[in-house]
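Visitor: Please pick one small spot in this structure and take me in for a close look. After that, zoom out and show me what surrounds that spot.

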Amino acid sequence: MTTAVSFQHVSRHFGSVRAVDDVSLDIAEGEFFAMLGPSGSGKTTCLRLIAGFEQPTSGHIEIFGATAEGVPPYRRNVNTVFQDYALFPHMTVLANVGYGLMVKGVDKPKRDAKAEEALALVALSGFGGRRPSQLSGGQRQRVALARALVNQPKVLLLDEPLGALDLKLREQMQVELKTLQRNLGITFVFVTHDQGEALSMADRVAIFNEGKIVQVGTPEDIYERPQTRFVADFVGSSNVLSPAFTKASGGPERWASLRPEKITLLRGNAAAPKGQLKAAVTVKAVHYQGASTRLNTVTAEGHQVNVTAPSSFGRVADGETLTLHWSADAFHVMEGER
Amino acid sequence: MSVTAAGTAAVDFGGGLLRRISDALFRKPMWFLALLLAPPLLWLGIVYLGSLFALLLHSFYSIDEFSGFIVYEFTLATYAELFRLSNMDVIIRSVVMAIAVTIACAAMAFPISYYAARYAKGKWKALFYLMIMLPLWSSYLVKVYAWKLILAKEGIISWMAEQTHLTWLLDLILSIPVIGGPSLSISYIGTFLVFCYVWLPFMILPTQAALERVPGNLIEASADLGAEPRQTFSTVIFPLALPGLIAGSIFTFSLTLGDYIIPQIVGTSTYFLGQAVYTLQGTAGNIPLAAAFTVVPIIIMLIYLSIAKRTGAFDAL
Amino acid sequence: MRSDGTRSAPWALKATAIGGLLFLHVPLLIIFVYAFTTEEKSYQFPPPGYTLKWFSVVWERQDIWNAIWLSVKVASIATVIALVLGTCAAAAVSRARFFGRDYISLLFILPIALPGIITGISLRSAFSVMDIPFSTWTIVLGHATFCIVVVYNNALARFRRTSGSMIEASMDLGADGFQTFRHVVLPQIGSALLAGGMLAFALSFDEVIVTTFTAGQQATLPIWMLNELIRPRQRPVTNVVAIFVIAVTFIPILAAYYLTRDGEHTGGAGK
C-alpha cells in the first residue's frame, strides 16, 4: 500500500497559537479519509498544509514520497474543493472547469472536451455556458468538484464541502461523493465538523482537538471504542461515566463510555437480570423523537445518563423512577481522562 | 516515487523562468510584500516626505535682505518674522475664515445629507449621490470662475437684485463695514461664499456616510420610547452624525486654510495664508519665510486632527 | 403613531436639500450661457447677444492647444505612474497584516489630507535645494504623488471585496503567481483600476494649486485659465475653455461612477 500523504511531527503555529501541534499521520492511496473535529481544532490547517497554502513551522510532510515543504500549491498535483467553492465569477462554468488545463497549456478544443467530460461526471452536462452566479448552491458545489477532478489530482482535498447545503441535498451528495471516490480511486481527504458525515463516508477518521489528533481509526473504532472522553463526547452522544458511577453499577473503577442504545429500561425500582449492571435513575427531561424517545436521567448521586426508549416502551413522565441495566461488555473503558 | 493510474507525479518541477520567479516569491512571502511596497514607498518617501523635509529645512534658513539670496545657515529668525503684526494678521484672518466656512458648510451640508441618507431611495439615491460627486470632482478653477461671473458688479446677482427691486438690500449688505466692499466679487462676503460653494461636497459626503450608519430602527426605538421628533434629533441623530461632520470639517478647514486662488480671484486685496506663501516664494523669492508660513497650517491641522481623532471622526473619513 | 414605512420628508427639509443641490449645480450651468455671449470686456448679465464665434477663436489659438497638449501629457504620465504604484500599494496593504501598516496607509492619504499648497511649496523647496530645473517631469512628479491615493483607494476597496480563496483556488489549480494575476486578479480589479485611472486623469488634468509651484514658466490648461482669470484678455475665450475642461473631467467621473457603482463609494475623499 502506497502512502499518499504523510505527516511527521508536523506543527503549524500562528504567533502563540498552536493551530497544528505535533501531528503525525499517514493517509493511504485510494483512501477516503475524514478529518473530524470542532472548529479551531486544526483540521482545516492540516488540509491547507497538504494543499500548500500553509507551510509547517516544524516537521515534515510528504505527498507520494515527495517532500512538500516549500513546494507551492501550483506545483502539487493536489486539488481542493473550497468551502465557499471559490468559483471565478468572471468566467463561464466551462472556463472554470477548464482553468487548470488552460494554465497547463492544454489547447482549447481538448480542454473544453475534458471539461465537458468532468461536468458530465457530476451530472451537470449542458451547464457549461452559464455563469457561476446563475447556479444554485448544490450546482456550484458540483462545478467546484468538476473543476478539481478534471486535473486528475493524486489527492482531492474537500474543506467542509457540504456545509452550505440543506439537509436533503447534503445526504444526496454524501452518497454521490462516496460513489465517485470508489469509481475514480482518488485519495479523498475530507474535513468536516459533522460526525455523521465523517462516519458514514470515510474509510478512516482522524479526530482533532486543540491542534492534536486524539484518535485515528475506522468509523467503527471511533464509535465503538473511543479512546478518550473527548472522542466519546464528540462522536455521537455516548454517556461518559466517571469511575465512581462505573464502580457503583458493578463495573471497574475506571472512566468508561456507554452508548444510550445499549441500555435497557425497566419501570420503577426493579431487579436487573442476572449478570447485568444496573443503576436506578430519575427522569429529568423527555425528548420525543418519533421512532424513539430520548431521556435525560440522573442517579441519586447526581450522575447524568442519557438513554433511548423505544416507542414500544410507552409514555414516560418527568420525575418517574426507572431502572437501567446493561451487559458488562457494553461498557467501553477509556485509557485516559481526556 | 510510485507511478499511479493517472501517471503523473505528485509534485511537478517543470516550467519556465516566470514559474521559478513565482516559486522564489512564494517561498519568501515577506520579500514579495517588500517588492510590492518598495516602489510606492520609495516614491512617497523620497518625493513627498523628502520634499516636506526640504520645506522644513528651508524654514530654518533666512534670506539676506540686501542680496535677496537664501542664507543656508540655521536660524529661528524666519519664524520670529511670523510674529510681526502684518504676518499675524494674515494668519488670524485665514483661521477666522476657515472657521466661518466650516460652520457654514456644516449647516448647509446637514439637511442635504440627512435627506439623502434617510429619505432618498433607489434611483433617487443614486442620482443624489451623483449630484454631490459631480461638483466635488468637477474643475476647481471652473467653479471659482463661475462665481466670478455671478458675483461681478455687472453679473447675475446685481441683475437679479435689479429685477426684483432689491438693489437697496444688496447695497445695504455691501455697506457693512469690514466684510462689505464695492461689489460682492471684491469683498470678504464673496470670498466666503466661494469657499463655501467649493468645499461643500467635502462636508456632505462624510456626513451622509455617518447618517447612513444610523440604523433606522434606532430612530423608531427613540420615537417608540416617547421622544418628540426634536428630542430624537438632538439626542440620537445629531450625536451619531457628529463624527461625520467633524470628518468633513477636517477637509473644509484644511482646504480653506491652504487655498490661495479663491481669495486672489474673488476678494479684497488683503492676503490670506495661501496667498502669502505663494507671493513669498514667487515674486518675493523668499522661500524661507514661505516655508515658515506653511508650517503654520501644518501645525494647526495636526492639532485639529489630534482633537478630531478623539471624537472617532477618522472612522467616518 | 407612524408605523408605515413610506414616510415622506417634511417639506422644509426637502426644499433645503433641493436648494442645496441647486446651489451646487446652477453656477456651473451659468458658464455655458457666458460661452456664447457677444460681450467681450465685462461679465454683463444677461448677455447682450449670443454668438458661436468664440469656439472658432479658441480653435485658432496656438497657446491654448499647447496648454491642452501639456495637460494631456502630464495627466497621462501621472496616471500611468499612479496606476502602477497605487495598485502595488493596495495589493500589499490588502494582502497582509504587517508592522506599520496603518502608518503606510496614512502616508498614502497624506498628500490629499494636507492642503495642496503644502505639497506644492515642499516640492518647490526640494527643487530649489537640489537645483532641479522646471520641466514636464517636475509637474508629473507632483501630480503622480497625489494621484496615487485615488488609484490606491479604488483598488483597495476592490481587493477587499475579492475573496481571498479565489487566489488560492487559482494557485491550487496549477496557476503560478503571474498566471493568477493575469487570469484571476486582473479581471477582478480591472474595472476598479480603470475607474481609479480615470479619476486620477481628471484630477491631474484639473490640478492648479500644486502645479503653480512645479511648472515654472510652463502653462498647463488650468494654469492658462488661472492667468486669464487674474489678467483677463478675451473673457469669452476663457468661458469656452472652461466648458471644455468641464467636459474633459465630467466624462471620466461619470464613467468611473458606473464602473464601480455596485456598493463602492469612489474616492469620497476627493482632491
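**A close look at C:Thr180**

Guide: Let's start with the company C:Thr180 keeps: setting aside residues up to four places away in sequence, C:Thr180 touches C:Ile167, C:Ser170, C:Met171, C:Ala175 and C:Val185, plus A:Tyr99 from chain A. Keep in mind that this is a predicted model. C:Thr180 sits in helix α8 of chain C, which covers residues 177-206. Is C:Thr180 buried or exposed? C:Thr180 counts as buried, because its relative accessibility is 3% and the cut-off for buried is under 20%.

Now step back to the chain that holds this residue. Chain C has 11 helices and 0 strands, so if you walk along its sequence, you meet α again and again, in the pattern α-α-α-α-α-α-α-α-α-α-α. Being buried is something C:Thr180 shares with 57% of the 271 residues of chain C. The C-alpha atoms of this chain fill a box of roughly 70 × 70 × 30 Å along the principal axes. Take the contacts in chain C between residues at least 6 apart in sequence: 73% of them join residues at least 24 apart. On the outside, chain C has an accessible surface of about 11500 Å², and 65% of that belongs to carbon and sulfur atoms. Its charged side chains number 20 positive and 15 negative, with the centres of the two sets 4 Å apart.

Remember A:Tyr99, the chain A residue that C:Thr180 touches? Let's follow that link across. Chain A has 10 helices and 18 strands, and 52% of its 338 residues are buried. Its C-alpha atoms take up a box of roughly 80 × 45 × 35 Å along the principal axes. Of the contacts in chain A with a separation of 6 or more, 65% come from residues 24 or more positions apart. Chain A exposes about 14400 Å², with carbon and sulfur atoms supplying 50%.

With strands around, we get sheets. Strands of a sheet pair through backbone hydrogen bonds, and they do so either parallel or antiparallel. One sheet in chain A is open, has 4 strands in the order β2-β1-β4-β5, and pairs in the antiparallel way. Its edge strands are β2 (17-28) and β5 (66-67) of chain A, each pairing on one side only. Inside that sheet, β1 (residues 3-14) of chain A and β2(A) pair over 8 bridges in the antiparallel sense, and A:Ser6 stands opposite A:Asp26 in β2(A). Helix α1 (residues 43-51) of chain A packs on this sheet, touching β1, β2 and β4 (58-63) of chain A, and its direction makes about 120° with that of β1(A).

Another open sheet of chain A has 6 strands, in the order β6-β7-β8-β3-β9-β10, and its pairing is mixed. Here the edges are β6 (78-81) and β10 (212-217) of chain A, each pairing on one side only. From one strand to the next, the twist averages 20°. For a parallel pair, look at β3 (residues 32-36) and β9 (residues 204-209) of chain A, joined over 4 bridges; there, A:Ala34 stands opposite A:Val205 in β9(A).

Further along chain A comes strand β17 (residues 321-327), which is mostly covered, with 5 of its 7 residues buried. Strand β13 (residues 264-267) of chain A runs antiparallel to β17(A), with 4 bridges joining them, and A:Arg267 has A:Leu322 as its bridge partner. Strand β14 (residues 276-288) of chain A also pairs with β17(A) in the antiparallel sense, over 7 bridges; in that pair, A:Gln276 stands opposite A:Ser327.

Let's finish with a buried residue that lies in a loop. A:Ser238 lies between α9 (229-234) and β11 (239-241) of chain A, and its relative accessible area of 7% makes it buried. Leaving out neighbours within four places in sequence, A:Ser238 is in contact with A:Ala232, A:Ser257, A:Leu258, A:Arg259 and A:Pro260. A:Ser238 and A:Asn306 are 68 residues apart in sequence, and their C-alpha atoms are 7.9 Å apart in space. As for C:Thr180, where we began, it counts as buried at 3% relative accessibility.

Notes
Residues numbered from 1 in each chain as written. Chains lettered and ligands numbered in written order. Heavy atoms only, no water. Helix = DSSP H or I, 4+ residues; strand = E, 2+ residues; numbered from the N terminus. Buried < 20%, exposed > 50% of the residue type's maximum accessible area, 1.4 Å probe, protein only. Contact = heavy atoms within 4.5 Å. Areas by Shrake-Rupley, 256 points an atom, 1.4 Å probe, with all protein chains shown as cover. Lys, Arg positive; Asp, Glu negative; His and termini not counted. Charge placed at Lys NZ, Arg CZ, Asp CG, Glu CD. Pairing = 2+ DSSP bridges. Axes fitted to C-alpha atoms, helices over the stretch in contact; angles between N-to-C directions.
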